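Trainee: I should like to learn how to read the features of a protein model. May we work through one together?

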Amino acid sequence: MKINNDQLFDEVVLAKEYLQSNWEQWMQEETTRDVIISSEEKWLRLFGLFKENHLATSNLIKIVEYAFCLPGTSAPAERVFSLMNNAWTDDRGLMKESTVKGLMTCKINIGLACEDFYKIKNKKDFLKKSPSQ
């Protein structure tokens with residue numbers, strides 16, 4: 001990701017000025033309408049203003065997009081490790097990594113009860129498909 005630091009500085013200064021000048025209005029709007037303006041809406045308003053005034057925001061947008069793609073918590077990763085620890089017990093410790101990977105892929109992505117998953121064995125088309133296709 002290429003960022004022009006000089007342009008980014010200008011974009012951040014403009015964004016800060018806009019946010020500070022509109023913060024009170026947003027707080028008043030939230031209390032009078034009894035709604036909370038989401039951070040997504042605030043970003044949309046900010047970038048909408050930049051677009052209306054033909055101001056460049058390419059550097060700031062890259063950083064915001066990157067930040068929003070990061071998970072807010074480690075809960076999804078912790079869930080995967082918990083499921084893996086349940087599947088890869090001492091009794092099943094001799095399983096190959098590929099077997100554990102297959103079990104985790106099924107457990108996490110398919111979301112079927114055991115009885116429903118068992119019925120898949122008769123669906124040959126489903127079994128032939130792989131994620132790489």
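Mentor: Certainly. This is a predicted model, and we may begin with the surroundings of a single residue. Leaving aside residues up to four places away in sequence, I3 is in contact with L8, N59, K62 and I63.

Trainee: Where is I3 placed?

Mentor: I3 belongs to the segment before α1.

Trainee: Is I3 buried, exposed or partly exposed?

Mentor: Buried means under 20% relative accessible area and exposed means over 50%, with partly exposed in between. I3 has a relative accessible area of 26%, so it is partly exposed.

Trainee: How far apart are I3 and M84 in sequence and in space?

Mentor: In sequence, 81 residues separate I3 and M84, and in space their C-alpha atoms are 39 Å apart.

Trainee: How may one check the length of helix α2?

Mentor: One compares an expected span with the model. Helix α2 has 14 residues, 39–52, and at 1.5 Å a residue it should span 20 Å. Its end C-alpha atoms are 20 Å apart, which agrees.

Trainee: Which residues of α2 are buried?

Mentor: The general idea comes from the helical turn. An α-helix has 3.6 residues a turn, so residues three or four places apart point the same way. In α2, the buried residues are K42, L46, F47 and F50. They lie on the same side of α2, because they cover an arc of only 125 degrees around the axis. Exposed residues on the other side of α2 are E40, L44, K51 and E52.

Trainee: What do the buried residues of α2 pack against?

Mentor: Their packing partners are α1 (5–33) and α3 (58–69). Just after α2 comes H54, with a positive phi of about 55 degrees.

Trainee: Does the same reading of length apply to α5?

Mentor: For α5, 13 residues at 1.5 Å a residue should span 18 Å, and the end C-alpha atoms are indeed 18 Å apart. After α5 comes G111, with a positive phi near 65 degrees.

Trainee: How much space lies in the largest pocket, and which residues line it?

Mentor: The largest pocket holds about 340 Å³ of space. Its lining has 13 residues, and L103, C106, K107, L112 and C114 lie nearest its centre. At least two lining residues come from each of α4 (75–87), α5 (97–109) and α6 (114–118). The most come from α5, which gives four. By type, the lining comprises nine nonpolar, two polar and two charged residues.

Technical notes
Residues are numbered from 1 along each chain as its sequence is written. This is a predicted model: local features need pLDDT of at least 70, side-chain atom pairs count only at pLDDT 80 or more; totals for chains, interfaces and linings use all residues. Side-chain values use heavy atoms; hydrogens and water are left out. The expected span of a helix is 1.5 Å times one less than its number of residues. Buried means under 20% relative accessible area, exposed over 50%, partly exposed in between (1.4 Å probe, protein chains only). The arc is that of the directions from the helix axis to the C-beta atoms. Contact means heavy atoms within 4.5 Å. On a 1 Å grid over the protein atoms alone, a cavity is a set of points where a 1.4 Å probe fits but cannot get out, and a pocket is an open set with protein on both sides within 12 Å along at least five of seven lines; lining residues have an atom within 4 Å of a point. Grid points are joined across faces, edges and corners, and a volume is the space filled by probe spheres set on the points. Ala, Val, Leu, Ile, Met, Phe, Trp, Tyr, Cys and Pro count as nonpolar, Asp, Glu, Lys and Arg as charged, and the others, Gly among them, as polar.
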